Amino acid sequence: MKISASILATQLTSLSSHVPNFKQDSIDLIHLDVMDGNFVPQISFGEALCKEVKAMTKIPMDVHLMVEKPENHVAKYYELDPYCITFHLEKTDFPIRLAQEIKKSGTKVGVSINPGTTAQSLEPLLPYIDLALIMTVEPGFYGQKFVQNGLEKIRKVKELIGSYPIEIQVDGGVNETNIAELAKAGADICVVGAGLFKSGNPNDNGTMLKRLANSKH
Ligand code: DX5
Ligand code: ZN
């Protein structure tokens, strides 16, 4: 199980005192929740802050674009040389073209689905993507509760993916109470915000979550 740390759940004005201390054996990726105030109610940050975060660490960036018309924004994130750029299926009419464009830049492509979007809607995208991000909260805020159909959705997506080389990423409400079940259902990467930063040390929390995730395999 890989852990992707959602920095949205930290104090953004103190990133420079957190991010350089992240250890790669506890935190595999840095999850950047870009929010535009249209698709989701909140405006979080954009490419300028992402560039600063990148400069603070060797851990790869994991870009989650919660924006309308992602096709107008993806190119701004290529220079981060991220692990992956993920856009929402609900927000573009041309997901296959967008996936191909991102791929052409040499970056892995992720597609995200909200809790209200069916697993099945990913099917036409499977030949074009590297990662499927299953939202297990309605996007917009950290610290929300894991939705009821989350586990079932992960199992369905896992089945749908079959032998395609696609990682399953789960985002929203992941913590020590559910990560083992998520791993068992098929999650390869868990995004964690409050579960890493609410209390204690994020590196220790990351190590503990990984241990729990691997315990049921
Ligand atoms: C929600 C974001 C998530 C969120 C995760 O819209 O996409 O990445 O910050 O935070 P937790 O783990 O606290 O739900
Ligand atoms: Zn996210």
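A polar contact, as used on this tour, is a pair of N or O atoms within 3.5 Å. Keep in mind as you click around that the model is predicted.

**Stop one: ligand 1 and D171.** Select ligand 1 and show the side chain of D171. An oxygen atom of the ligand lies 2.8 Å from an N or O atom in that side chain, inside the 3.5 Å limit for a polar contact. Now hide the protein for a second: on its own, ligand 1 exposes 380 Å². Bring the protein back and 99% of that area is buried.

**Stop two: S6 and H64.** Keep the ligand on screen and add these two side chains. For S6, an N or O atom of the side chain is 2.9 Å from an oxygen atom of ligand 1. For H64, a polar side-chain atom sits 3.3 Å from a ligand oxygen.

**Stop three: the whole shell.** Next, select everything around the ligand. You should pick up 20 residues, with G140, G143, D171, G173 and G193 coming nearest. Try colouring the shell by class: 10 residues are nonpolar, eight are polar and two are charged.

**Stop four: the pocket and its strands.** Switch on a surface if you like. The space that ligand 1 takes up is the largest pocket. Then go to cartoon view and pick out β2 (29–35), β3 (61–66) and β8 (189–192), the elements that each give two or more residues to the shell around ligand 1. Which element gives the largest share of that shell? That's β2, with three residues.

**Stop five: the annotated positions.** Select H31, D33, H64 and D171, which the unreviewed UniProt entry marks as "binding site". These four span 141 residues in sequence, but no two of their C-alpha atoms are more than 10.6 Å apart, so they gather at one spot. From this set, D33 and D171 are part of the lining of the largest pocket.

**Last stop: D33 and D171.** Narrow the selection to this pair. UniProt, again in an unreviewed entry, places the feature "active site" at D33 and D171. They are spread over 139 residues of sequence and still cluster in space, with a largest C-alpha distance of 10.6 Å. Where does D33 sit in the fold? Follow the cartoon and you'll find D33 in strand β2. For D171, go back to the opening view: its side chain has the N or O atom 2.8 Å from a ligand oxygen.

Technical notes
Residues numbered from 1 in each chain as written. Chains lettered and ligands numbered in written order. Predicted model: local features only at pLDDT ≥ 70, side-chain atom pairs only at ≥ 80, totals over all residues. Heavy atoms only, no water. Near = heavy atom within 4 Å. Polar contact = N/O pair within 3.5 Å; in protein donor to acceptor, adjacent residues only side chain to side chain. Areas by Shrake-Rupley, 256 points an atom, 1.4 Å probe, with all protein chains shown as cover. 1 Å grid on protein atoms, 1.4 Å probe; cavity = no way out; pocket = protein on both sides within 12 Å on 5 of 7 lines; lining within 4 Å. Sits in = over half its atoms within 2 Å of the grid points. Helix = DSSP H or I, 4+ residues; strand = E, 2+ residues; numbered from the N terminus. Nonpolar A, V, L, I, M, F, W, Y, C, P; charged D, E, K, R; others polar. UniProt positions renumbered as here; feature names shortened; annotations may be inferred.
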